[in-house]
Amino acid sequence: MKGVALSDLHLGFRGAGRVVDGRNQREVDVETAWAAAVEKIILERPDIVTIAGDVFHSVRPSMHAVKAWQDGIQRIAEESPAAIIVIGGNHESPRTVETLTPNLVAERDARIITEPCRLDLTVGRTGERVSVACLPFVAMQEERSFLVEPNPAADINILLIHAAVRSSLAPHALPPMYGGAAAYDVAAAEGFDIVACGDFHEFRVLSAHEPQWMWIGDPESESLEQIYDLRREGAFAFYSGSIERTSSNIWDEHLPKGFVVFDTDLQLARFVEIPTRRMLQCDLGDFDLPPGVGAEEVNRCLAQMVQAGHPTLDRDALFRFRVDAFPRSERDLIDWAAVRELRERHVHFHLDIRWADRDTREFIDRRERPNRSLADEAAAWFADDEPPVRSAAFRYLGFDLPQEVPA
């Protein structure tokens with residue numbers, strides 16, 4: 001059996017930046033990435049296609065996004081033999097009874113799953129029995145526990161889940177604060193062949209499979225791709241990632257976008273890249289300036305970008321200009337008119353200011369911070385005020401005025 005697993009389409013996402021012909025360019029970019037994914041999926045001729053949630057960026061997307069979703073699923077259904085299974089994600093799951101998930105517009109061509117369930121189906125090409133355990137994100141539901149186990153009567157077992165999971169087999173595959181100790185451990189998915197996860201926006205293998213390099217395709221168009229051997233014991237668990245850069249911080253999404261193709265006959269899996277908009281970054285070093293300079297030098301860099309452009313500044317790319325160790329006191333001296341002009345001119349321009357160490361405090365996980373009393377919080381809040389103001393505030397709150405303000 002051959003399958004395709006993808007997730008986090010985020011159709012309807014609208015990033016800051018250029019508007020073209022009345023439409024947000026980033027929303028169009030996501031639709032373009034989805035169309036490219038559809039073309040590649042059809043070429044793969046899969047027996048099953050799974051989409052692990054977050055098809056849309058919101059529960060009320062634009063009609064452009066809805067049409068793109070419907071057209072894409074219809075093409076896959078008509079031009080490939082695949083059974084299509086779609087589970088809900090946190091972005092498009094309804095929070096009120098009067099709302100339906102927009103995923104349902106494709107229910108004629110796909111199985112749209114909104115509640116935890118198991119689907120058993122037979123692959124027409126090979127006659128194999130496939131069982132898919134579906135765990136979508138559900139907002140309007142009392143908290144319940146589910147026993148996640150495979151179907152022993154099936155030839156192939158797939159776990160399709162939209163959640164922040166963890167992996168004791170590959171503990172460093174995900175950020176330290178992602179998932180947490182209470183999250184589902186994919187190492188416990190015994191008996192499953194494939195564990196396809198949605199929610200995390202970069203491709204990550206969670207089952208300690210080591211990639212190999214192999215030439216894929218016919219002699220004229222073959223390409224070198226990373227291949228994962230499925231013959232090892234245990235499930236092949238992964239996040240396929242999003243198809244475009246649509247997270248709250250796109251600058252952390254450095255890896256290529258795409259989907260996973262797995263073949264249980266060949267016992268191989270591979271990641272297929274989807275073309276996306278370029279992302280470029282520069283910092284003060286590209287202008288021969290050291291970190292820690294003030295507004296005057298930063299404004300000179302911005303003026304150069306506005307007047308003559310910078311060698312690395314592509315108007316059709318997502319572009320970040322990072323300024324490190326900038327003094328907070330000079331923030332209002334930045335030429336924000338130049339920043340606005342660059343934002344209007346480019347698809348996406350981001351001035352990323354990082355404050356000098358003396359202006360910042362270390363941010364750690366709230367669960368690791370020592371508990372502070374309300375009096376300590378008040379002392380820190382009023383630390384920079386004049387003594388009469390602090391005294392009046394503490395008298396009003398009924399606290400004794402502290403001798404020292406806690407850090």
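Let's start with helix α4, residues 336-345. Four residues there are buried: Ala338, Val339, Leu342 and Arg345. Why do they sit on the same side of α4? Because they cover an arc of only 130° around the axis. Keep in mind that this is a predicted model.

What covers those buried residues? The cover includes α3, residues 295-307, and β19, residues 348-355.

Take α3 first. Two packed helices are described by the angle between their axes and the distance between the axes. Here the axes of α3 and α4 come within 10 Å. They cross at roughly 35°. The crossing is left-handed. Now the residues. From α3 we have Leu302, Met305 and Val306. They meet Ala338, Val339, Glu341, Leu342 and Arg345 of α4. By class, that contact has six nonpolar residues, two charged and no polar.

Now β19, the other part of the cover I named. It belongs to an open sheet of three strands, in the order β17-β18-β19. The pairing is parallel. β17, residues 279-283, and β19 stand at the edges. Each has a single partner strand, so one side of each is left without a neighbour in the sheet. From one strand to the next, the twist averages 20°. Look at β18, residues 318-326: seven bridges join this strand to β19. For one pair to find on screen, go to phenylalanine 319; its bridge partner in β19 is phenylalanine 349.

Next, the other sheet. This one is open too, with six strands. The order is β7-β8-β9-β10-β14-β11, and the pairing is mixed. Which strands are at the edges? They are β7, residues 117-122, and β11, each pairing on one side only.

Let's walk across part of it. β9, residues 156-162, runs parallel to β10, with five bridges between them. Histidine 162 stands opposite glycine 198 in β10. Then β10, residues 194-198, runs parallel to β14, joined by four bridges. Cysteine 197 has tyrosine 239 of β14 as its bridge partner. The last step is β11, residues 204-205. This strand runs antiparallel to β14, with two bridges. Valine 205 stands opposite phenylalanine 238 in β14.

Stay on β14, residues 236-239. Are its faces covered or not? Both are covered. Phe236 and Phe238 are buried on one side. Ala237 and Tyr239 are buried on the other. So phenylalanine 238 and tyrosine 239 turn up twice: they are buried, and they face valine 205 and cysteine 197 respectively.

Two more residues, both from the β8 and β9 part of the chain. First, valine 130, in strand β8, residues 129-135. Is valine 130 buried or exposed? It is buried, with a relative accessible area of 1%. Isoleucine 156 is 26 residues away along the chain, yet the two C-alpha atoms are separated by 4.9 Å. Beyond its neighbours within four places in sequence, valine 130 is in contact with Met1, Leu119, Asp120, Leu121, Val123, Ile156 and Ile158.

Second, asparagine 151. It lies in the loop between β8 and β9. This residue counts as buried because its relative accessibility is 17%, and the cut-off is under 20%. Leaving out residues up to four places away in sequence, asparagine 151 touches Arg118, Asp120, Ser131 and Asn157. Asp120 is on the contact list of valine 130 and on that of asparagine 151.

Key. Residues are numbered from 1 along each chain as its sequence is written. This is a predicted model: local features need pLDDT of at least 70, side-chain atom pairs count only at pLDDT 80 or more; totals for chains, interfaces and linings use all residues. Side-chain values use heavy atoms; hydrogens and water are left out. Buried means under 20% relative accessible area, exposed over 50%, partly exposed in between (1.4 Å probe, protein chains only). The arc is that of the directions from the helix axis to the C-beta atoms. Contact means heavy atoms within 4.5 Å. Two strands pair if DSSP finds at least two bridges between them. Axes are lines fitted to C-alpha atoms, for helices over the stretch in contact, and angles run from 0 to 180 degrees between N-to-C directions. A crossing is left-handed if the near helix is turned anticlockwise from the far one by less than a right angle, and right-handed if clockwise. Ala, Val, Leu, Ile, Met, Phe, Trp, Tyr, Cys and Pro count as nonpolar, Asp, Glu, Lys and Arg as charged, and the others, Gly among them, as polar.
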